[in-house]
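Please take a moment to look through the sequence and the model shown here before reading on. The paragraphs that follow move from a group of strands to a single residue.

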Amino acid sequence: MLTASTINGSLLNLADRCFSLDELRQLRRSTHYYCPGCRERVVMKLGEKKIWHFAHQGSPPCEMEWERESNYHLTGKQQLYDWLREDRQDVQLEHVLIASNQRPDLFLPSSRTAIEFQCASIEASLLTKRSFDYNASNIHVTWILGAKRLKRLYSLIHTLSAMDWAAASNHRGSPAIYYYCPEERTFANLTIHYSLTPTKFICTTTYHSASTTSYFDLFKSHTPFTNHESMPIWFKQKQIWRQNPHGEKSFIYYFLRKRLYLSGKSIRFFPL
């Protein structure tokens, strides 16, 4: 985490970079800091392997801490905070939301929007529950995934996990997923158009530099997509599927194949 509070409630935000290294070392020696969520003691980490941050002191896991924060995650959160401030957004870092018992990476109080930068893999059900808890508190949540999760097989075809799907939002009738790479300081907007398998999809991706993209522009810019572009890909994938044998991997597959055979059809010609 990048923020911690003193015993009297004063908040120290390391992302603001208000203190030099020597000043922070002096504060670490003279002041005890606590997690704003669970109120347990935290330690100020001022090393060289990770950006400066706070960490819990080996106490039981904080209930608001859903994952161990890698340097990739901490750096991305720092950059997203800087990006929103440069865009003149009223943004709060790691603000504790009592109603939903959560501490989003970033919070925009004027629009009641939580922004979560999710890098580690978690269960899709947990991500869905967190989204539901935000919505139940009348807070809109936007998920931005770490760009290392963006997996393109070949032109316009990507693989998506259940967690990626759970992070999707709706954009003009199409599901959209947002990614950010702190190493390149670049956003990727993935718009999902057609499903080929439960994990393989035809998508379009647009890339935006954080230095030239505003908060509002990021979430409204998507590449138009036409059937003229998608049909050759669809037919090629259907041809590959028909020409390769598929084992009976589940009862559902066996049941579907049997029903099609009884009606005089072959599963090799489904979908038409």
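How many bridges join β9 to strand β13, and do the two run parallel or antiparallel? In this predicted model, β9 and strand β13, which covers residues 174–181, are joined by 3 bridges and run parallel. One place to see this pairing is G146, whose bridge partner in β13 is Y180.

Strand β9 also pairs with β8, made up of residues 113–118, and here 6 bridges join the two strands, which again run parallel. Within this pairing, F117 has I144 of β9 as its bridge partner. Between the two strands the chain passes from β8 through helix α3, residues 124–136, before it reaches β9, and the β-α-β crossover formed in this way is right-handed. Strand β9 itself is mostly covered, since 6 of its 7 residues are buried.

Following the chain onward from β9, which spans residues 140–146, the reader comes to a loop that leads to β10, residues 151–154, and R149 lies in this loop. Is R149 buried or exposed there? Its relative accessibility is 13%, and because buried means under 20%, R149 counts as buried.

The surroundings of R149 can be traced residue by residue. Leaving aside residues up to four places away in sequence, R149 touches Q118, C119, A120 and S121, and it also touches S161, M163, D164 and Y179. With one of these residues, D164, there is a polar contact, in which the side chain of R149 and the side chain of D164 come to 3.0 Å.

Technical notes:
Residues numbered from 1 in each chain as written. Predicted model: local features only at pLDDT ≥ 70, side-chain atom pairs only at ≥ 80, totals over all residues. Heavy atoms only, no water. Helix = DSSP H or I, 4+ residues; strand = E, 2+ residues; numbered from the N terminus. Buried < 20%, exposed > 50% of the residue type's maximum accessible area, 1.4 Å probe, protein only. Polar contact = N/O pair within 3.5 Å; in protein donor to acceptor, adjacent residues only side chain to side chain. Contact = heavy atoms within 4.5 Å. Pairing = 2+ DSSP bridges. Right-handed = clockwise from strand over helix to strand, strands pointing away.
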